[in-house]
Amino acid sequence: VMSGESSTLFDVVARTRRPGGAGDLLAKVLAVSRIGASADRALIGPNVVKFFEEKGCQSLSGVALVYPKHSLFYVELPTDLVNSFVAYLSQLEKTGQLSDSRVLQTSDIVAPVFPRFAHRMLGMSAKITEYKPTESLDTVIFECLSNFYRLGAHLSKIDPANIETVLEDLPDSAPEILCSPGMVEFFIKSEEIDSLGDFLTRYVLPARVTLDNEVVWPHPVRLFPYE
């Protein structure tokens, strides 16, 4: 990157994928959070919608599921809004609405899985059963992601006007396609998954690229004990 402007790692990656930039790409974001003690659970989903409306987002789909103690976000959005959405979740942490969030996955997508964006509070037990997987962390994340794919495929088959009702009934009608609270807590406790701060530090701060003419060659070598 030879321009005078600083580029983030996200910008660099976007240019390698599409020379014209990231504006015409779609991506998905999968993130989970604990709900803050002072949060109004009923406002988490509507506030996500409001955030994207204020951004003028025209291509939004996915779902926000609000459990008694956790929030799960699977969002399909323009790639150039990925960092903004993660920063929005970070702001919710700073105000105590969310805490201990983890970004499980972000990646480009060819087409949305969900017919539109929807959100719902789910009436399920607040009890958290410890989740002890025998598979690798990547496999468990893929299992969670697969549940959202199944949910998106399921919602695509019904009348869009009935989506919220179907979501509300999921704990009774199709609990097998919901990530369990124990699984969500397992992700939150994992030190291998990016926190919001980790993600933003990696992808939002300017990328430092060292040019060949900035490298001292040969590298100085300390010849202990002679130096």
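**Exercise 1. Characterise the surroundings of R102.**

*Solution.* The backbone oxygen of S190 lies 3.4 Å from a polar atom of the R102 side chain, a polar contact being a pair of N or O atoms within 3.5 Å, where within protein one must be able to donate a hydrogen and the other to accept it, and residues adjacent in sequence count only if both atoms are side-chain atoms. This is a predicted model, in which local features need pLDDT of at least 70, side-chain atom pairs count only at pLDDT 80 or more, and totals for chains, interfaces and linings use all residues. Residues are numbered from 1 along each chain as its sequence is written, and side-chain values use heavy atoms, with hydrogens and water left out.

Step 1: place the residue. R102 belongs to strand β4, residues 98–109; helices (H or I, at least four residues) and strands (E, at least two) are DSSP runs, numbered from the N terminus.

Step 2: examine its charge. R102 is buried and has no salt bridge; D100, the nearest side chain of opposite charge, is 5.4 Å away. Buried means under 20% relative accessible area, exposed over 50%, and partly exposed in between (1.4 Å probe, protein chains only). A salt bridge is a side-chain nitrogen of Lys or Arg within 4 Å of a carboxyl oxygen of Asp or Glu. For charge, Lys and Arg count as positive and Asp and Glu as negative, while His and the chain ends are not counted.

Step 3: list the contacts (heavy atoms within 4.5 Å). Neighbours within four places in sequence aside, R102 touches L30, A31, V32, F187, I188, S190, I193, D194 and S195.

**Exercise 2. Determine which salt bridges D100, R120 and D194 form, and how exposed the partners are.**

*Solution.* The structure holds five salt bridges; three of them are treated here, one per step.

Step 1: D100 pairs with R34, the closest N and O atoms being 2.6 Å apart. Because D100 lies in strand β4 and R34 in strand β1, the pair ties together parts that are 66 residues apart in sequence. D100 is partly exposed at 34% relative accessible area, and R34 is also partly exposed, at 22%. R34 and D100 are further linked with E185 in a network of salt bridges.

Step 2: R120 pairs with E168, with 3.0 Å between the closest N and O atoms. This pair links distant parts of the chain, R120 being in strand β5 (residues 117–121) and E168 in helix α5 (residues 163–173), 48 residues apart. R120 is partly exposed at 29%, as is E168 at 39%.

Step 3: D194 and R202 meet in a salt bridge with an N to O distance of 2.4 Å. D194 counts as buried at 18% relative accessibility, whereas R202 is partly exposed at 39%.

**Exercise 3. Establish how helix α6 is packed.**

*Solution.* Step 1: count the buried positions. Helix α6 (residues 181–189) is mostly covered, with seven of its nine residues buried.

Step 2: name them. The buried residues are P181, G182, M183, V184, E185, F187 and I188. Two of these, F187 and I188, are also contacts of R102.

Step 3: identify the partners. The buried residues of α6 pack against β1 (26–35), β3 (70–78), β4 and α4 (137–155).

**Exercise 4. Compare the environments of L89 and L98.**

*Solution.* Step 1: locate both. L89 is in helix α3 (residues 82–94), and L98 is in strand β4.

Step 2: assess burial. L89 is buried at 0% relative accessible area, and L98 is buried at 2%.

Step 3: collect the contacts beyond four places in sequence. L89 touches A31, F73, L98 and L196. L98 touches S33, R34, I35, G36, I44, S71, F73, L89, L92 and E93.

**Exercise 5. Describe the overall architecture and the internal space.**

*Solution.* Step 1: the protein has seven helices and six strands, in the order α-β-α-β-β-α-β-β-α-α-α-β-α from the N terminus.

Step 2: of its 227 residues, 41% count as buried. Residues 24 or more positions apart account for 84% of the contacts with a separation of 6 or more.

Step 3: a cavity is a set of points on a 1 Å grid over the protein atoms alone where a 1.4 Å probe fits but cannot get out, and its lining residues have an atom within 4 Å of a point. There is one cavity of 30 Å³ or more. The largest cavity is lined by Y67, P68, K69, H70, S125, A126, K127, I128 and P181.

Conventions:
On a 1 Å grid over the protein atoms alone, a cavity is a set of points where a 1.4 Å probe fits but cannot get out, and a pocket is an open set with protein on both sides within 12 Å along at least five of seven lines; lining residues have an atom within 4 Å of a point. Grid points are joined across faces, edges and corners, and a volume is the space filled by probe spheres set on the points.
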